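Here is a short guided tour of a protein model, written to be read with the structure open beside you. Let's start with the sheet and work outward from there.

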Amino acid sequence: MASVSETIVREYLETLGFLVQQPTKYQVTARAKRADEEFDLMAINPTAEGSAPRGDLPWTGRELRRVRRAIFSVRGWHTERFSPAILDDAPEILRIADAEVLRAAERKLGPGPIARVLCLPALPAGRELREGALRRLREGGVDGVLTFRTMLSELAAAVDASSNYEKSDLLQMLRILKNYGLLRDAQLELFHERGRRSRRSGAGSEPVGRGGGAS
């Protein structure tokens, strides 16, 4: 499953214009990971524009396009939602934010700002648990959070059913699903359309607090 999850993240980053490298090709099992083994992917975005995003989590492609350099820890178990309880059981998830890990990344990418990004399964559905999980990640030094739902949704939206993606198994599979009507653009736009209607209906009313992002 690790290779599948990393493939999804790599394809997503490359679609956004990143140059991606997988620094460690082997699986670490019988010992603790070294600092340079804590990140699964590192990437440079030569077309990044604007200042790096600060504070708001989780990210989408809109925020990630503003990041020039980043390291990624891929946690794609895909069997349960991420929650604060998981951090209690597996505090090593936050090791990507350690100063030692950042120094190891700088040795490979050079000095300068490097975003530390976690790629996670779905976040908690409840607002309180969701905000608690994201707060723990921010306090732990994580700069960005990407969910697999967001990455797959944006990849699917970018795929053209009439194109042949023979160089990418993932994009080709998404294209085939679209071609046979199993994945429709209208489904991808459903929540965006609901959001637009909600904003229009709330025009002129008292503003409310900002809700959660993509999950």
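## Strands and their partners

Strand 1 (residues 19-21) and strand 2 run antiparallel and are joined by 3 bridges. This is a predicted model, so please read the details below in that light. Within this pairing, V20 has A43 of strand 2 as its bridge partner.

Strand 2 also pairs with strand 3 (residues 69-74), again in the antiparallel sense, over 4 bridges. Two positions of strand 2 show how the strands line up: A43 stands opposite A70 in strand 3, and M42 stands opposite I71 in strand 3. A43 therefore links both pairings, with V20 as its bridge partner and A70 opposite it in strand 3.

On to the next pairing: strand 3 and strand 4 (residues 115-120) are parallel and share 5 bridges. Here F72 has V117 as its bridge partner in strand 4.

## A buried strand

Is strand 3 enclosed by the rest of the structure or open? It is largely enclosed, because 6 of its 6 residues are buried. In a regular strand, side chains alternate between the two faces of the sheet. In strand 3, R69, I71 and S73 point one way, while A70, F72 and V74 point the other way, and all are buried.

## The loop after strand 2

The loop between strand 2 and helix 2 is worth a slow look. N45 lies in this loop and counts as buried, because its relative accessibility is 2%, under the 20% cut-off. The side chains of N45 and T47 are joined by a polar contact of 2.9 Å. Leaving aside neighbours within four places in sequence, N45 is in contact with L16, G17, F18, L64, R65, V67 and R68.

L57 lies in the loop between strand 2 and helix 2 too, and at 5% relative accessibility it counts as buried. Not counting residues up to four places away in sequence, L57 touches L134, R138, D143, G144 and V145. L57 and L146 are 89 residues apart in sequence, yet their C-alpha atoms are 8.4 Å apart in space. Do check the backbone here: the peptide bond from L57 to P58 is cis, with omega near -5 degrees. P58 is found in the loop between strand 2 (41-44) and helix 2 (61-64).

## Charged pairs

How many salt bridges does a search of the whole structure find? The search finds 9. Side chains of opposite charge can pair when their charged atoms come close.

R34 is a good place to look, with two such partners. The closest N and O atoms are 3.1 Å apart in its salt bridge with D36 and 3.2 Å apart in its salt bridge with E37. R34 is partly exposed at 41% relative accessibility, and D36 is partly exposed at 22%, whereas E37 is buried at 3%.

Elsewhere, E100 forms a salt bridge with R95, with the closest N and O atoms 3.9 Å apart. Salt bridges that share partners join R31, R34, D36 and E37 into one network. As for exposure, E100 is partly exposed with a relative accessible area of 43%, and R95 is partly exposed with 21%.

## Helix 7 and a nonpolar patch

Helix 7 has residues that are covered and at least one that is not. L170, L171, Q172, L174, R175 and K178 are buried in this helix. M173, in helix 7 (residues 169-179), is partly exposed with a relative accessible area of 46%. Together with I176, Y180 and L182, M173 makes a nonpolar surface patch of about 460 Å². After helix 7 comes G181, whose phi is positive, near 75 degrees.

## The whole chain

Stepping back, the protein chain has 8 helices and 5 strands. From the N terminus on, its elements run α-β-β-α-β-α-α-β-α-β-α-α-α. Of the contacts with a separation of 6 or more, 69% are between residues 24 or more positions apart.

Buried residues make up 41% of the 215 residues in the protein chain. The chain exposes about 12,300 Å², and carbon and sulfur atoms supply 50% of that area.

How values were computed: Residues numbered from 1 in each chain as written. Predicted model: local features only at pLDDT ≥ 70, side-chain atom pairs only at ≥ 80, totals over all residues. Heavy atoms only, no water. Patch = residues over 30% accessible without salt bridge, like charges linked within 9 Å, V, L, I, M, F, W, Y side chains within 5 Å. Areas by Shrake-Rupley, 256 points an atom, 1.4 Å probe, with all protein chains shown as cover. Salt bridge = Lys/Arg side-chain N within 4 Å of Asp/Glu carboxyl O. Buried < 20%, exposed > 50% of the residue type's maximum accessible area, 1.4 Å probe, protein only. Contact = heavy atoms within 4.5 Å. Pairing = 2+ DSSP bridges. Polar contact = N/O pair within 3.5 Å; in protein donor to acceptor, adjacent residues only side chain to side chain.
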